[in-house]
Amino acid sequence: MLSAFKRRHAPLYLRHLLRSRIFSTGISDKSDPIRSDPPPIRIAHTSSAGRGVFATRAITAGDTIHSAKPLVTHPSLSRLHEVCYYCLRRKKGEDGVDTGGYYFCSNSCRENSIAFHEVENRGDWSMLNEYCRSRGLKYPLMVKRLACMVLGGAVSSDCLDILQPTSLHFEMLLEMEDEYKLLRSSFKKANIADDAMAFLSKEWYINVLARLRVNAFRIELACGSYEDLLASAVALVGDDAAVGNAVYIVSSFYNHDCDPNAHIVWVDSADAKMKALRHIEEGEELRICYIDASMDVEARQKILLEGFGFHCNCLRCLLVKSKMTQTVSCQQHAFSSFVARRRRKAR
């Protein structure tokens, strides 16, 4: 949790989030009672990875550390009419509310989406959707939704500034310029006033996208029925198991480890649950794995560097690197010994 001083001096949107239900209390999986104490975490600076999340008390393996509601979500383009346009819950039969051609699983989700959905309904997003679909892009869609939320008064334009951005190479910046022009022109065609769009500068677009690239989560829901399992299997074959993407505030402060002590779970919607994978001591940093932990060390290092911009120096990676170094050293020593023996025999 943030200190009282940081709470008072935090940006307005963060103070609002801290007062709201950004996360719930811890929950024990044994009986699922809601505890009266706050989530057993605090956000603090680490020695090597910026800010991180630390346990304020011992946490038992299997416990739900806290739950988290996303600040911004967007369905995958291939799932636009198969999941709730707000919470990403899978559509079941004919239940739900259909608004503007999109599915909402409940009146609550429809009402919560009004701030951005009314703005969205004023525009034609077919060109942006096709642009993203043809290039396999997802983050410009989240920027579009965030911009609609700002225009609708749901959030402030700096609501993601607290999150760590990634570095962007020149090719990315060129691509982003095209995306930005397409987004802004779509708003202008929707007759959004220039003064209302004053925040929507190229710099704002790039700053938001730089944060979404490393902080947005790919949402893959747990399968609750045979039909869900079958649909998930079909999606995996088509390499599109995700129902969408979402960004959270607190969950974005969790640092990476290839041998994590916590992980994030989505049961039936984008509402996330952070679970303990093993016993966690008070004061221990909570870490999740950003990628598939079953990959070998070279693959993990490559994906983390290219996708997240850092070299992983977790204990698991360091041990493997150490063993590889020792193996190379032993091989070099064995080769040197072999060469020396051959030279002695040659004399």
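Biologist: How many salt bridges does a search of the whole structure find?

Modeller: The model is a predicted one, and a search of the whole of it finds 13 salt bridges. A salt bridge here joins a side-chain nitrogen of Lys or Arg to a carboxyl oxygen of Asp or Glu within 4 Å. One of the pairs is Asp271 with Lys69, whose side chains meet at 3.1 Å, N to O.

Biologist: Where in the chain do Asp271 and Lys69 lie?

Modeller: They belong to distant parts of the chain, 202 residues apart. Asp271 is in the loop between β10 (262-266) and β11 (272-276), while Lys69 is in the loop between β3 (64-68) and β4 (72-75). As to accessibility, Asp271 is partly exposed at a relative accessible area of 33%, and Lys69 is partly exposed at 42%.

Biologist: Which residue forms a salt bridge with Lys181?

Modeller: The partner of Lys181 is Glu177, with the closest N and O atoms 3.8 Å apart. Both residues lie in helix α7 (residues 170-189), and their separation of 4 residues is about one turn of the helix. Glu177 is partly exposed, its relative accessible area being 28%.

Biologist: Which residue forms a salt bridge with Asp194?

Modeller: Asp194 bridges to Lys188, and here the closest N and O atoms are 3.0 Å apart. Both partners are partly exposed: Asp194 has a relative accessibility of 45%, and Lys188 has a relative accessible area of 43%. Salt bridges may also share partners, as they do where Glu120, Lys144 and Arg145 are joined into one network.

Biologist: Over which ring does Lys144 lie?

Modeller: Lys144 lies over the face of Trp125, at 5.3 Å from the ring centre. Lys144 is thus a member of the salt-bridge network and also a residue placed over a ring. Another case is Arg135, whose charged end sits over the ring of Tyr131, 3.8 Å from its centre.

Biologist: I should like to turn to the rings themselves. How many aromatic pairs are counted?

Modeller: The count comes to 11 aromatic pairs. Tyr290 and Phe308 form a tilted pair, with 5.1 Å from centre to centre and 40° between the planes. The label "tilted" follows because planes under 30 degrees apart count as stacked, those over 60 as edge-to-face, and the rest as tilted. Tyr290 is in the loop between β12 and α10 (297-308), Phe308 is in helix α10, and 18 residues separate them. Tyr290 is partly exposed, with a relative accessible area of 27%, and Phe308 is partly exposed at 22% relative accessibility. Elsewhere, Tyr85, Tyr86, Tyr102, Phe104 and Phe116 form one aromatic cluster.

Biologist: Which residues does Phe310 touch, not counting residues up to four places away in sequence?

Modeller: With those sequence neighbours left out, Phe310 touches His256, Tyr290, Leu304 and Leu305. Phe310 is placed in the loop between α10 and α11 (315-346), and at 26% relative accessibility it counts as partly exposed. Its C-alpha atom is separated by 9.6 Å from that of Ala49, although the two residues are 261 apart along the chain.

Biologist: Next, the sheet. What is the order of the strands in the open sheet of 4 strands?

Modeller: Strands of a sheet pair through backbone hydrogen bonds, either parallel or antiparallel. In this case the order is β1-β2-β12-β9, with mixed pairing. The edges are held by β1 (41-45) and β9 (255-256); each has a single partner strand, so one side of each is left without a neighbour in the sheet. Strand β2 (residues 51-55) pairs with strand β12 (residues 285-288) in the antiparallel sense, over 2 bridges. Val53 stands opposite Leu286 in β12.

Biologist: Finally, the interior. Which residues touch the most other members in the largest nonpolar core?

Modeller: That core has 79 residues, and the ones touching the most other members are Ile65, Leu160, Phe187, Trp204, Leu212, Ile219 and Tyr248. Helix α6 (residues 139-151) gives the most to this core, with 9 residues. To follow one member, Leu160 touches Leu71, Leu146, Val208, Arg211, Leu212 and Val247, not counting residues up to four places away in sequence. There is also a second, separate core of 7 residues, including Ile291, Val297, Cys312 and Cys317.

Terms used:
Residues are numbered from 1 along each chain as its sequence is written. This is a predicted model: local features need pLDDT of at least 70, side-chain atom pairs count only at pLDDT 80 or more; totals for chains, interfaces and linings use all residues. Side-chain values use heavy atoms; hydrogens and water are left out. A nonpolar core is a set of buried Ala, Val, Leu, Ile, Met, Phe, Trp, Tyr and Cys residues joined through side-chain atoms within 4.5 Å. Buried means under 20% relative accessible area, exposed over 50%, partly exposed in between (1.4 Å probe, protein chains only). Contact means heavy atoms within 4.5 Å. Two strands pair if DSSP finds at least two bridges between them. Rings of Phe, Tyr and Trp (its six-membered ring) pair if their centres lie within 6.5 Å; planes under 30 degrees apart count as stacked, over 60 as edge-to-face and the rest as tilted. A charge sits over a ring if NZ of Lys or CZ of Arg is within 6 Å of the ring centre and within 35 degrees of the ring normal.
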